[in-house]
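Biologist: I would like to learn how to read a structure like this one. Could we go through it together, one feature at a time?

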Amino acid sequence: MEQLLNSVPSWTNVAIFFGLGAALLLMVLAFVTYGILAERKVMGFMQGRYGPNQVGGRWGLLQTVADVLKLLLKEDTIPKAADRPLFILAPILAFAPAFMVLAVLPFTDAFQFADIGVGLLYYIAVSGLTTIGVVTGGWASNNKYALIGGMRAAAQMISYEIPLVMSVLGVVLLTGSLNLNDIVEAQKNVWYIFTQPVAFIVFLIAAVSELNRTPFDLPEAESELVAGFHVEYSGFRWAFFMLAEYVYLFAMAALTTILFLGGWHPVMFLGFIPGPVWFALKFSVVVFVLIWFRATFPRLRADQLMELGWKVLFPVALANIFVTALVKELFF
Amino acid sequence: MGNVYANSYLIVFVFLCIGVLLPVGALTLGKLLRPHVPSEAKQTTYESGNNPFHDSRVQFQVRYYMFALLFVIFDVETVFLYPWAVAYNKLGLFALIEMLIFVLMLVLGLIYAWKKKVLQWM
């Protein structure tokens, strides 16, 4: 990859990048397929039931595949009152940025794509675009639940983007770079979860909220809004909203690993285990924790949600930046 | 170095293309496979089984707008904080105090909004 990056840009490069990107896409789709299955299985285990166990053997290994096929063959209905062009555009608007953010994530020192100087900023900027897709979907449906869900999603995503962005600043201060490779390199000895514990906690909470997952799943609150912004969506259009959500789960877990858990670096003396294994291990732990959250926490109320974001997480993140800067000024 | 830069953004562009092509391709493929039997009842807006009444794009709560305004203010603040954080090693104590003054002014705004109950969702 490094050789490829250093070569002169050409159409051959575009073709190679396209092939590699498509390979990553397949990998991500595989993750989503088995991520959903794992989520259902783990939640089933935590709630004292079996989870999927019929399709594809004892562990329901083909359950998600069957679900996808069902969605593919399902009739696609667009309500008469909906804004047709926007209705069709919304799932694409939501999905494209979800895949675009993967371009900058360094999975291991060899397995990575773009090496951008402002990688972290790119991730944050592009992931913010999904909000537009969600609002568009909610607005275009011309459905009351969808509009409320879309508006809530927008309010929540922008409110938690501030603490998310601010918490990461502590890491940026210590590294002195926005490049994700540099950030991983700086964690060779000590991971940032130990030097920036406050930032990590704020980041994790804000990340769960950005992902619209329980306990912050107000935009989709089944019990009050039916399904939020995608009430009117069916079949594969709906599937793309879901896919975007799980691709973000993938991306966010990978980003957490990169920023706070030392990326592909091994734990102390266990260096003989290769980097990819370490990355996969840490990544899986983060995904598991996110599923665990979903099975454990009840949903927050809308007022609690906003107050937590603006009155607790934001000041804490801000204070963390200046404490970090001060400590760095005085002791390093 | 220039090559890495150009190639990196080429990758970003390729990822954008794939990100758009997958939904477009999958939905086009799906069109060939899925049934298409529209009826009046299917195309009505869902409203928990009631007949939908009037347009759903009504006037909306102003508090969403307030949060959007706050977001713009503090997101711009982060735009200033990022370069500062990256270059902090070279800037030193003076820049820290300067940034502290800048952030304090914005925090005053946050406290004002807090006191005015803008941050309250009721």
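Modeller: Gladly! Let us start at a loop: Asn142(A) sits in the loop between α6 (130-141) and α7 of chain A. Please keep in mind that this is a predicted model.

Biologist: What is the phi of Asn142(A)?

Modeller: First the general idea: most residues other than glycine have a negative phi. Asn142(A), although not a glycine, has a positive phi of about 55 degrees. Asn212(A) also has a positive phi of about 55 degrees and is not a glycine. Asn212(A) is found in the loop between α10 (197-210) and α11 (222-225) of chain A.

Biologist: Do those loop residues count as buried or exposed, and why?

Modeller: Here we count C-beta neighbours, and 20 or more within 10 Å make a residue buried. Asn142(A) counts as buried because it has 21 such neighbours inside 10 Å. Asn212(A) has 23, so it is buried as well. For contrast, look at Met105(B) in helix α4 of chain B. Met105(B) has 10 C-beta neighbours inside 10 Å, and therefore counts as exposed.

Biologist: How many Å separate Met105(B) and Gly49(B) in space?

Modeller: From C-alpha to C-alpha they are 52 Å apart, with their positions 56 residues apart in sequence.

Biologist: Now to the nonpolar core. Which residues have the most contacts inside the largest one?

Modeller: They are Ala103(A), Phe203(A) and Ala251(A), in a core of 126 residues. Helix α7 (residues 144-175) of chain A gives the largest share of this core, 21 residues. Both domain 1 (1-73) and domain 2 (82-331) of chain A contribute at least three residues each. Try clicking on Ala103(A): setting aside neighbours within four places in sequence, its contacts are Phe113(A) and Ala114(A), together with Ile11(B), Val12(B) and Phe15(B) of chain B.

Biologist: How do the two domains of chain A sit relative to each other?

Modeller: Their C-alpha centres lie 19 Å apart. In the contact between them, 17 residues of domain 1 meet 17 residues of domain 2. On the domain 1 side, α2 (11-46) and α3 (63-72) of chain A each supply at least two residues. The largest share of that side, 11 residues, belongs to α2(A).

Biologist: And how many residues does each chain bring to the contact between chains A and B?

Modeller: Chain B brings 56 residues and chain A brings 66. On the chain B side, two or more residues come from each of α1, α2 (63-86), α3 (88-91) and α4 (93-115) of chain B. The largest share there is the 21 residues of α1(B).

Biologist: How should I describe two helices that pack together?

Modeller: In general, one gives the angle between their axes and the distance between the axes. Here, helix α4 (residues 84-100) of chain A and helix α1 (residues 2-33) of chain B have axes that come within 8 Å and cross at roughly 140 degrees. The crossing of α4(A) with α1(B) is right-handed. Among the residues that meet there are Pro91(A), Phe95(A) and Phe99(A) from α4(A), and Phe15(B), Gly19(B) and Pro23(B) from α1(B).

Biologist: What does the UniProt record add for chain A?

Modeller: Its unreviewed entry annotates several spans as "transmembrane region", including 190-208 and 246-265. In the model, residues 190-208 of chain A are 84% helix and 0% strand, with end C-alpha atoms 25 Å apart. Residues 246-265 of chain A are 75% helix and 0% strand, and their end C-alpha atoms lie 25 Å apart.

Key
Residues are numbered from 1 along each chain as its sequence is written. Chains are lettered from A and ligands numbered from 1 in the order in which they are written. This is a predicted model: local features need pLDDT of at least 70, side-chain atom pairs count only at pLDDT 80 or more; totals for chains, interfaces and linings use all residues. A nonpolar core is a set of buried Ala, Val, Leu, Ile, Met, Phe, Trp, Tyr and Cys residues joined through C-beta atoms within 7 Å. A residue is buried if 20 or more other C-beta atoms lie within 10 Å of its own, exposed if 12 or fewer, and partly exposed in between; C-beta atoms are placed from the backbone. Helices (H or I, at least four residues) and strands (E, at least two) are DSSP runs, numbered from the N terminus. Domain bounds come from an automatic or database domain assignment. Two residues are in contact if their C-beta atoms, placed from the backbone, lie within 7 Å. UniProt positions are given in the numbering used here, feature names are shortened, and annotations may be inferred rather than shown by experiment. Axes are lines fitted to C-alpha atoms, for helices over the stretch in contact, and angles run from 0 to 180 degrees between N-to-C directions. A crossing is left-handed if the near helix is turned anticlockwise from the far one by less than a right angle, and right-handed if clockwise.
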